[in-house]
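This briefing is meant for a reader who is meeting the structure for the first time. It gathers notes by topic, to be read alongside the sequence and the 3D view.

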Amino acid sequence: MKTKLKIDIVSDVVCPWCTIGYKRLEKAITELGIEDQIEIEWQPFELNPNMPAEGQNVNEHITEKYGSTPEQQKASKQNMTEAGAELGFKFDYFDEMRMVNTFDAHVLLEYAKDFGKQTELKMTLTKAFFSDRKDVSKRAVLKQALLDVGLNAEEGLSKLDNEEARFEIKSKEKYWQNLGVSSVPTIVFNRQSAITGAQPVDTFKEVLIEIINKQ
């Protein structure tokens, strides 16, 4: 029995490059035919931990946070949309799009882990936000995402008001920050080495082959 390669993906639900990075990693794994040798766990990171409940217009938010001009934002969105399309993922940017708080989504991703549904829920939430124009901070949207992946929505949502479940996410966020993770996606292999950003498929392949050969 081969030892599985453990991959931790530190990311946020509303991070476009996290989605692109994961889809490229997934493509690399599939093309190498090593799906059965990989175990993925998603780790929480909030791009905007202080985002209020009503959220903030994405364009305003990016100007405020990164100082990007409208032209730079347009080019960046175009770039992400094209990168997503190549991987079969639709980024649907629109003028009224709002950046939202993702803490509750991370609580539910931790809940989904116990049922082996973490990746499925992660992609369902990401698609809801980027492709379906949904607010992933809203409980109705979170509930539907749980139902869509076949989880117990009532039990899952009860975690959102559970102090222990909330504390666990805060602890995990702190753990990765203390290890020096400050940008996402950060993809960690066997808790020994890491790469950041949405690397090309070939880069992921090289890293995967090297680590698997060493195991």
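**Aromatic residues**

Phe 89, Phe 91, Tyr 93, Phe 129 and Phe 130 come together in one aromatic cluster. The model in which this cluster appears is a predicted one, and the points that follow turn to other aromatic contacts, to helix packing and to a few backbone details.

- The count of aromatic pairs in the model comes to eight. Among these pairs is that of Tyr 175 and Trp 176, whose ring centres are 5.0 Å apart and whose planes stand at 90 degrees, an arrangement that is edge-to-face.
- The two partners of this pair are covered to different extents, since Tyr 175 has 39% relative accessibility and therefore counts as partly exposed, whereas Trp 176, with a relative accessible area of 4%, is buried.

**Helix H4 and its surroundings**

- Helix H4, which runs over residues 103–113, is mostly covered, with ten of its eleven residues buried. The buried residues are Phe 103, Asp 104, Ala 105, His 106, Val 107, Leu 108, Leu 109, Glu 110, Tyr 111 and Ala 112.
- What do the buried residues of H4 pack against? They pack against two strands, E1 (5–11) and E2 (38–44), and also against helices H5 (118–130), H6 (139–148), H7 (153–158) and H8 (163–178).
- One residue of helix H4 that can be followed more closely is His 106, which has a relative accessible area of 3% and is therefore buried, the cut-off being under 20%.
- When its neighbours within four places in sequence are left aside, His 106 is in contact with Ser 11, Asp 12 and Val 13, with Pro 44, Phe 45 and Glu 46, and with Ile 169.

**The packing of H1 and H3**

- Two packed helices are described by the angle between their axes and the distance between the axes. For helix H1 (residues 16–32) and helix H3 (residues 70–86), the angle is about 25 degrees and the axes are 10 Å apart.
- Because angles under 35 degrees count as roughly parallel, H1 and H3 are described as roughly parallel to each other, and their crossing is left-handed.
- On the H1 side the contact involves Pro 16, Trp 17, Ile 20 and Arg 24, and these meet Asn 79, Met 80, Ala 83 and Gly 84 of H3. The residues of this contact divide into five nonpolar, two polar and one charged.

**Backbone details in the loops**

- The peptide bond that leads from Val 184 to Pro 185 is cis, with omega near 5 degrees, and Pro 185 lies in the loop between H8 and strand E5 (186–189).
- Arg 133, which has its place in the loop between H5 and H6, is a residue other than glycine with a positive phi, near 60 degrees. With 45% relative accessibility, Arg 133 counts as partly exposed.
- Asn 190 also has a positive phi without being glycine, in this case near 50 degrees, and Asn 190 is found in the loop between E5 and strand E6 (193–196). The relative accessible area of Asn 190 is 22%, and Asn 190 is therefore partly exposed.

Note on methods
Residues are numbered from 1 along each chain as its sequence is written. This is a predicted model: local features need pLDDT of at least 70, side-chain atom pairs count only at pLDDT 80 or more; totals for chains, interfaces and linings use all residues. Side-chain values use heavy atoms; hydrogens and water are left out. Buried means under 20% relative accessible area, exposed over 50%, partly exposed in between (1.4 Å probe, protein chains only). Helices (H or I, at least four residues) and strands (E, at least two) are DSSP runs, numbered from the N terminus. Contact means heavy atoms within 4.5 Å. Axes are lines fitted to C-alpha atoms, for helices over the stretch in contact, and angles run from 0 to 180 degrees between N-to-C directions. Angles under 35 degrees count as roughly parallel, over 145 as roughly antiparallel, 65 to 115 as roughly perpendicular and the rest as oblique. A crossing is left-handed if the near helix is turned anticlockwise from the far one by less than a right angle, and right-handed if clockwise. Ala, Val, Leu, Ile, Met, Phe, Trp, Tyr, Cys and Pro count as nonpolar, Asp, Glu, Lys and Arg as charged, and the others, Gly among them, as polar. Rings of Phe, Tyr and Trp (its six-membered ring) pair if their centres lie within 6.5 Å; planes under 30 degrees apart count as stacked, over 60 as edge-to-face and the rest as tilted.
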